[in-house]
Amino acid sequence: MRAIEEKWQGKWEKAKIFEADPDPKKPKYFITVAYPYPNSPQHIGHGRTYTLADVHARYMRMRGYNVLLPMAFHYTGTPVLAMARRLADNDTGLINDFINVYKIPKEKVKEFTDPMTLASFFHQEIKTGMKEIGFSIDWRREFTTIDPHYNRFIEWQFQKLRKAGYISRGSHPVGWCPKDGNPVGQHDTVGDVEPEIGEFTLIKFRQNNLVFPTATLRPETVFGVTNIWLNPKTKYVKAAVDAEQWIVSKECVEKLTHLNRKVKVLETFGGKDLIGKLVENPATKTKIPILPADFVDPKNATGVVMSVPGHAPYDYVALENLRKTPSQLKEYGLAPKTIESVKPISLIEVPGYSEIPAADAVRKMNIKEQTDPKLEEATKEVYRHEFHNGIMKPNTGKYSGLSVNEAKDKVKQDLIAEGKATTMYELLNRPVLCRCKTECIVKIVQDQWFIDYGKQEWKTLAHKNLDNMEILPEELRSEFNNVIDWLHEKACARKSGMGTRLPWDKDWIIESLSDSTIYMAYYTIVKHIKEHKLQPAQLTDEVFDYVFLGIGKTAEIAQKAKLDAKIIEEMHSEFMYFYPLDSRHSGRDLVPNHLTFMIFNHTAIFPEKLWPRQIATNGSVMMEGAKMSKSFGNIIPLREGLAKFGADPIRLSVLSTAELLQDAEFSPAIAKSMRERLERLYKFASEVAKNSRNTKTSENSLTAIDKWMLSRLQEHIRKATEAMDKLAVRKAIHSVLYELEQDFQWYQKRITAQKGHKKSATDFVHSQVLDAQIRMLTPVAPHLCEELWKMMGEKGFVSLASWPTADESMINIEAEENETLVMDVLEDTLNIMKATGMTPKKIYYYTACSWKWKVYLEMLEKARHGEAKLSEIMKELAAEEDSKKNMKEIANFAQKALKEVNRIPQDRREKVLKMKALDEKAAIEDAKDLLKQRLKAQVEVYDEEDSQRYDPKYKAALSTPFKPAIYIE
């Protein structure tokens, strides 16, 4: 298999068949897929997104399009630097991964402390893997995001954004790595996690001049606070925070400092020292106790938590657990009456719940302990119902009667205005780790540069682009709409890392999710930049304005940039040929950032006719039920997998087990089974090639079974084409590799059993099936298909051959219905034999007579216009002369057949009506040889009204259309 792959990869490269240049005679199709970070080798999990893009490109090429699929490498940002830094810090886990998992020599790994050495190595490693798996990439357009020419392109982009008013500067909260001193986004974190920033309300519970700032996302529940939770096993501090003295966890101090508060630690002590003391609720003025809770995370916000057991399942369970542990009460000097006096307070009325919703949810889910993971689900359930349906009760004062949704903001605003609360930013999805393994926090950055995705007029343009774009799969459209709506300012630059410097402020470097939004346009011109050896300085803003927007006069621009005007025109012409982008491929995890940023940036810079046309997103790859990841220890490096299983088996494996949005399951067993299936196809093709070259036959020499196989082939072509048009690749593979094979195996059984079947007809059918199957399999298994194509005596590359189209003249409904009848008859007979334990000597089939068919078809005609009714059918039949003689028999038959008629799907009903009555006797007679062979018995077939029929048990009368009666003896 590997020899075949290397052979055809060499031939493709030599013939340059994937190099796409403008061709006015052909329609274009431009596909891109996210360029990779060269900070480590790719594994099989990465292969799915890229393989899907390549399959799409190959399919569109076979559909007659001039397809461009380019590739580049994303050096920008922290991924490469962080990896090199970890190696410099002697991260033994990472070093072991490189040496033992990725099989990189130890001496080579030592060189990776230099970021550029590391990036260059993995750049070539990833590129080699892409070639070895057979991606149809135009490598002339390759670049990196730190190339000086690309830097000029990004500078031009940012100047455009700034002039349009989409770049702002100010103080905003950002995800932050305190070690690196940089803002962090999804691509800067371990596991590619986007830091989600939330604003907590800090409600100030007081003890004399001390403030206990409780962090909450539900300020409206302050009226139901019964106690405060502190973690007795962690350290707390008394700190001067601005003009007040606060009690917060030791870990909170750094966070407050990064949020631009003046903080000075005055005293440090254990949380247990405060247990049992009282604080005052600022909303109700009641005194409440401080109680111990191990679940309080000192790293989350302030480490001080208010307890609302009436509406918070965590608090309810913690309180109940505390009541039942006298030893813990004694340890912290708490009197039992202190706990007994703490009762849940009901402050929100919720339909379907009692006075204490938290208790209801806990009992419903049978939760007993604070460690029960179901508590998270219970919390979400209670909050969801309260937020959407809850009404504040009279004990909430002026907020009584308000919905929880309304009260939440009003209570927060009022408490802040009265000095009883303030706010604090925190990561909602913490812990989020920077790639340097430091836990990220939130920082309010002064004078930070932002792209302002919050501008309403810009959101309107983004929605317009999305509305006119195809989203695959369609169910993700609402997710894109939601992201467009909630996106706000995005930090777009940092002080360190690799990449392009802001053109107006060179101290800042544009970050990786901001320099990767319109680079698809750069692909269209980079080959000209390379071919003509243009200098970065020649790529002026005016040059880019003309190339991408048609602004300015070529001669003047060329003279100023010291460029040949012809080159500028060539770049503009090529861009206008390939743009807009026809399809963008990526993983689902990039919907909240990169993919939506792409939409925004295109609408900001390009005219509407050049906005992207399609986004295709896919799920992850799982291995033994877990996402393929180094952290789970379940990765297989891509190149290792290719060497072990082969490119085509790997391609099939990552695409055949799931549709677009589903997670695909990979295992060595799946890859092995795919390889074995392809090997069987190779063996079959070898046999066909010996017998079927230039096979010709006439229509008259084809038997019913030949026509059936050719008709079924057209259906598989139709289904595969329909699936590929929607990138339902799994469905297409299933049709081409499994369903078609099942039909073909049946065909083989039929012709093997059939006496006198002409070899010329067999060879013709074989060649027709194999020709179509090879072409339909080419996008997913291109190497083997090239080999089989040549073996069949075809010229050129199958990669450039046309995708098969269904031949309407070969669709034979009658042949398909006849064969379905034979299959059903065989299955029914085998079921009877199994149920009765009989070993038959003779089997008799009785097919429905003509009057039953007539009645059946008339009932079908009635069902065409709605549900067929027995009374109407009988009324019409009674008026017909030839029906009057046996009306009772007709009525009995019609009554039994009615339910089946009304259940028949519309498309099948139309087929039957078009075909009219089936000659069932002839169909079964034609399959007699097969039936005898499979059933190991003599077979006789009669029409139910045949006066010569052998029917000792009067079975013939039970026959109905498509359901012959059966008698076995």
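Which residue in strand 17 is the bridge partner of W176? The legends below begin with an overview and then come to that pairing.

**Figure 1. Welcome to the whole chain, shown as a predicted model.** The protein chain holds 969 residues, and 57% of them are buried. Its secondary structure consists of 35 helices and 30 strands. If you drew a box around the C-alpha atoms along the principal axes, that box would be roughly 110 × 80 × 55 Å. Take the contacts in the chain with a separation of 6 or more: 76% of them join residues 24 or more positions apart. The accessible surface comes to about 41600 Å², and carbon and sulfur atoms supply 50% of that area. As for charge, there are 142 positive and 135 negative side chains, with the centres of the two sets 2 Å apart.

**Figure 2. Strand 3 pairs with strand 17 and also with strand 4.** Here is the reply to the opening question: W176 has I441 as its bridge partner in strand 17. Strand 3 covers residues 167–177 and strand 17 covers residues 441–452; the two pair in the antiparallel sense over nine bridges. Strand 4 (residues 182–183) pairs with strand 3 as well, again in the antiparallel sense, over two bridges. In strand 4, the residue opposite W176 is P183. So W176 is a handy place to start, with I441 as its partner in strand 17 and P183 opposite it in strand 4. Look next at the hairpin of strand 3 and strand 4, where four residues sit between the strands. In this hairpin, G181 takes a positive phi near 70°. While you have the strands in view, here is a general point to keep in mind: in a regular strand, side chains alternate between the two faces of the sheet.

**Figure 3. K527 is a buried lysine with polar contacts to D21 and E574.** You will find K527 in helix 17, which runs over residues 519–531. Is K527 buried or exposed? K527 counts as buried because its relative accessible area is 10%, and the cut-off for buried is under 20%. The side chain of K527 makes a polar contact of 3.2 Å with the side chain of D21. A polar contact of 3.3 Å joins the side chains of K527 and E574. Setting aside residues up to four places away in sequence, K527 touches D21, R140, R141 and E574.

**Figure 4. Helix 28 is mostly covered.** How many of the ten residues in helix 28 are buried? The count is nine, in a helix that spans residues 782–791. Among the buried residues are P782, H783, L784, C785 and W789. The acidic pair E786 and E787 is buried too. Just after the helix comes G793, with a positive phi of about 85°.

**Figure 5. I832 is in contact with residues that include I966.** I832 lies in helix 29, made up of residues 813–836. Because its relative accessibility is 31%, I832 counts as partly exposed. Apart from neighbours within four places in sequence, I832 is in contact with G837, I966 and I968. Try following the chain from I832 to I966: they are 134 residues apart in sequence, while their C-alpha atoms are 9.1 Å apart in space.

**Figure 6. Two cis peptide bonds lead into P473 and P580.** The bond from L472 to P473 is cis, with omega near -5°. P473 sits in the loop between strand 18 (470–472) and helix 16 (477–486). The bond from Y579 to P580 is also cis, with omega near 10°. To find P580, look in the loop between helix 20 (565–578) and strand 23 (583–587).

**Figure 7. K16 and K103 are loop residues with positive phi.** Phi of K16 is near 55°, a positive value in a residue other than glycine. K16 lies between helix 1 (2–15) and strand 1 (28–33). K16 counts as exposed because its relative accessibility is 51%, and the cut-off for exposed is over 50%. For K103, phi is near 60°, again positive in a residue that is not glycine. The loop that holds K103 runs between helix 4 (92–101) and helix 5 (106–110). K103 is exposed too, at 55% relative accessibility.

Conventions
Residues are numbered from 1 along each chain as its sequence is written. Side-chain values use heavy atoms; hydrogens and water are left out. Buried means under 20% relative accessible area, exposed over 50%, partly exposed in between (1.4 Å probe, protein chains only). Contact means heavy atoms within 4.5 Å. Accessible areas come from the Shrake-Rupley method with a 1.4 Å probe; for residues, only the protein chains shown count as cover. Lys and Arg count as positive and Asp and Glu as negative; His and the chain ends are not counted. The place of a charge is taken as NZ of Lys, CZ of Arg, CG of Asp or CD of Glu. Two strands pair if DSSP finds at least two bridges between them. A polar contact is a pair of N or O atoms within 3.5 Å; within protein, one must be able to donate a hydrogen and the other to accept it, and residues adjacent in sequence count only if both atoms are side-chain atoms.
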